[in-house]
Amino acid sequence: MTENLQSRCLANWNMEMKLDPAKDDLPLMANTRHMLVKHYVLDLDVDFKSQVIEGTIVLFFEPGSRCKKGGSAGEGACLSRSYETCKIRASEPCHSPVTNVSACSSKTEYNDFAVCAKGEKDTSDKNGNHSNSEQASGISSSKNCYDIENHGNEDFLLVLDCCDLSVLKVEEVDVAAVPGIEKFTRSAKLTGAEELRNLRNQIVHELVTLPADHWREQLYYYTRCSQAPGCGELLFSTGPWSLMIGKAEVQAPRDFPHAIRIWYKTKPEGRSVTWTTDQSSRPCVYTMGSPINNRALLPCQEPPVAMSTWQTTVRTASCFVVLMSGENSAEPVQLQEGLLSWYYYVTMPMPASTFTIAIGCWTEVKQESHIADIRTTNEFSSLFSRADLRLIEGSCGHVAYPCRFQNPAASSQLVIPHRIFAPWCLKDRCAEILLELIPRCLSAAHGTLGTHPFSRLDVLIVPSNFSSLGMASPHIIFLSQSILTGGSHLCGTRLCHEIAHAWFGLAIGARDWTEEWISEGFATYLEDVFWAVAQQLPHDEAREQQELKALLRWRRLRDEVQNSEEELQVLRPNKENTGEVSESGTCIIKHGLNAEKIFMQVHYLKGYFLLQSLAKRIGEATYFEFLRKFVQKFHGQLILSQDFLYMLLEDIPEQKGYGLSVENIIQTWLDTSGIPKPLLEECQTWDQCRLVQQVNDEVTKWIQVNQRARKRSKRKRRQDEVTFQKLLPDQLVLLLESLLEEKTLCLRTLQCLEKTYHLDEQDAEVRHRWCELVVKHKYRRRYADIEKFLKEDQAMGVYLYGELMVNEDAKQQELAYKCFAATQNQMDVSSAKVVAEMLF
């Protein structure tokens, strides 16, 4: 390596070091336009004592979009100026891993999975799942890394996204050594080293481009190739955000090894992996995929365009259950006493950021047999007419994979197979709530949008330190324990929100991460629709509930706009540069590291109101007919905002007569901070909703009760009889928010309020507002409610700390410090950072 390249690499390494987390921006370093990962094979051991996940990952590549045509000279030009972020430090040695012989044996074992892959035996169950199998990784003998030499400025460097990982060794995989691999070769003779290198790359090319109906065979050979011996260690070095890999005298991506194996360990403090205990005080670990996605779990390509498949083998103690993004409902294989192996795979290419894992002493909440008879009778479901069934006859626009949208049986499957897992202490509560809700919500989603994009679903109640009410990943949904209290409303709406992400966020993703509204706006809009169907509400009741919800969201959006930076209120912060990347594929995610942004809902709310506005303009039936067409066209692909808007206006051309255009929608809703003007005009209408009027009447009663209570003498405590109406959970939220606007509520009013609505038994949304009232009026008798909320409802309690501090009341501040001290070690990193800023 020349001094010039070394100096450039050092300069850019320094640039990485200077990226200020307070500045918010998250770098995506992978040079995806040069090399693109098509498949990952992970082989991992989980050690709860050391809080480390370690093992190997094998990556199978194809040349990227800039490197598929032309000769070596053209490909050598793929080293762009932005590529200078790569570095190799000559002083950093390559390390050989210390391995556990029992965990990483060189012996290869095959079972039904391997046989099935060769077409001799199909072990699929009735749900299309496949048996578990253990693939033990063979380890080549370790050798010292060769010295970094001077190979000129044009030596190619592969850059992967990587952070908080200990990379131990990187090697090329000799896929040509796999028995039976000859079927993927075009060359019969192997003479020189260059021909052998080309042969290995040709094998990988043939493997990653197998037709979709050969997916079993493809997984089988991915497994075999991942176990092939190494054929030479590769130069590597890590920076704060990246892993850089080079091979001597390789100057073009086309000539770089297309299959490499990386030995690595996670770190206990890694920001992609959360080690904690569950609600039964048992150890567990899960990945949140935020704020830096999965780069502290595995070296990978994080840009969304790096759509890949994966398969994963995880070994851990037999007391643990391994859940993961996978098409198969994995069943463990016992390797030895006390040690189990779990295997999952996916065949639908998705961004690496969607990969999720959760390992704990989870208990499965068994399903009841009657759920198969679920029917969706609400009028929303009739929108999915027979004419829509013709959609499955069209061709898909995505790369080839085994697509459910082309499967008539999948298209008629209202409720996909699903499992529920939770800590033991929450098993009964989950059985009471989730067993009934999940099939209803899945059926409602199918009735609205059609074919479920994924073949199965696991639902897991995650530990109390989970920083959100829910998170959707392929084949698995995480839910906070906070949704289990106070009836089914909050649980149902949140479940509908996460199910909606199967279509918007997963099957259809944003090509630019800053366009979060494409995922969250759609899920927020669809949760109301799905929930109305799941409840089988008549149209008028559904409309009233949705208008009430719209008012609550409007109030939330108004508050966020008033109390946040304008730059964070823009749904398309890159504006006309949205979706653009450098010549190598690297890019910067604006505000990607801003801890506060994680708790903001502007992209949820403005996106929701945009979609609601379009639905009202176009008409509900026409709008949902379009959404199904849009899903059919774009599933399995990445989109930008304009893809949705252009198709909408082309499909419904009469809307142009109403002044709708892509340009004015983008300018009004996406590229501008603050409240969109159409929303300011519409927000007045929600006050006329019957459910809102009921709340207003109740607020008036409570104000009168409070006035009488303040005037009453101490000797005259008899409460005048007042009849209060029973309110829905969302009505209670609005009631408490309205009472929070009152300057003072006396003690007797608060006591009566608490008793009337049994506030300590309500859902977390209601209890959060109740805690705010307790803080505002220094209602010391109920400080225990605040303490319980901050400990058990961490997904929602962050800003209560700010409320406790702002009053400058010694007792309240003492409570804030006490709760933070009790929870900060288990808290999500972003949550802890935001709370610490409030307290200190």
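**Cysteines, rings and helix 5 in a predicted model**

Author: In this predicted model, the sulfur of C441 lies 3.5 Å from the closest cysteine sulfur, in C496, too far for a bond.

Reader: Why is C441 with C496 too far for a bond?

Author: A disulfide needs the two sulfur atoms within 2.5 Å. The sulfur of C441 is 3.5 Å from that of C496, so the pair fails. The structure holds zero disulfides. C319 is in none either; the nearest cysteine sulfur, that of C361, is 4.5 Å away.

Reader: What makes C441 buried or exposed?

Author: Buried means under 20% relative accessible area. C441 has 0%, so it counts as buried. C319 has 48%, between the 20% and 50% cut-offs, and is therefore partly exposed.

Reader: How do you know that helix 5 is largely enclosed by the rest of the structure?

Author: Eleven of its twelve residues are buried, so the conclusion follows. Among them are W215, Y220, Y221 and Y222.

Reader: What span should helix 5 have, at 1.5 Å a residue?

Author: Residues 215-226 should span 16 Å. The end C-alpha atoms are 16 Å apart, which agrees.

Reader: Why is the pair of W770 and Y779 called edge-to-face?

Author: The ring centres are 6.0 Å apart, within the 6.5 Å limit, so the rings pair. The planes meet at 85°, over 60, so the pair is edge-to-face. W770 is buried at 1% relative accessibility, and Y779 at 3%.

Reader: What makes R553 a charge over the face of Y608?

Author: R553 lies over that face at 4.4 Å from the ring centre. The distance limit is 6 Å, so 4.4 Å passes.

Notes: Residues are numbered from 1 along each chain as its sequence is written. This is a predicted model: local features need pLDDT of at least 70, side-chain atom pairs count only at pLDDT 80 or more; totals for chains, interfaces and linings use all residues. Side-chain values use heavy atoms; hydrogens and water are left out. Helices (H or I, at least four residues) and strands (E, at least two) are DSSP runs, numbered from the N terminus. The expected span of a helix is 1.5 Å times one less than its number of residues. Buried means under 20% relative accessible area, exposed over 50%, partly exposed in between (1.4 Å probe, protein chains only). Rings of Phe, Tyr and Trp (its six-membered ring) pair if their centres lie within 6.5 Å; planes under 30 degrees apart count as stacked, over 60 as edge-to-face and the rest as tilted. A charge sits over a ring if NZ of Lys or CZ of Arg is within 6 Å of the ring centre and within 35 degrees of the ring normal.
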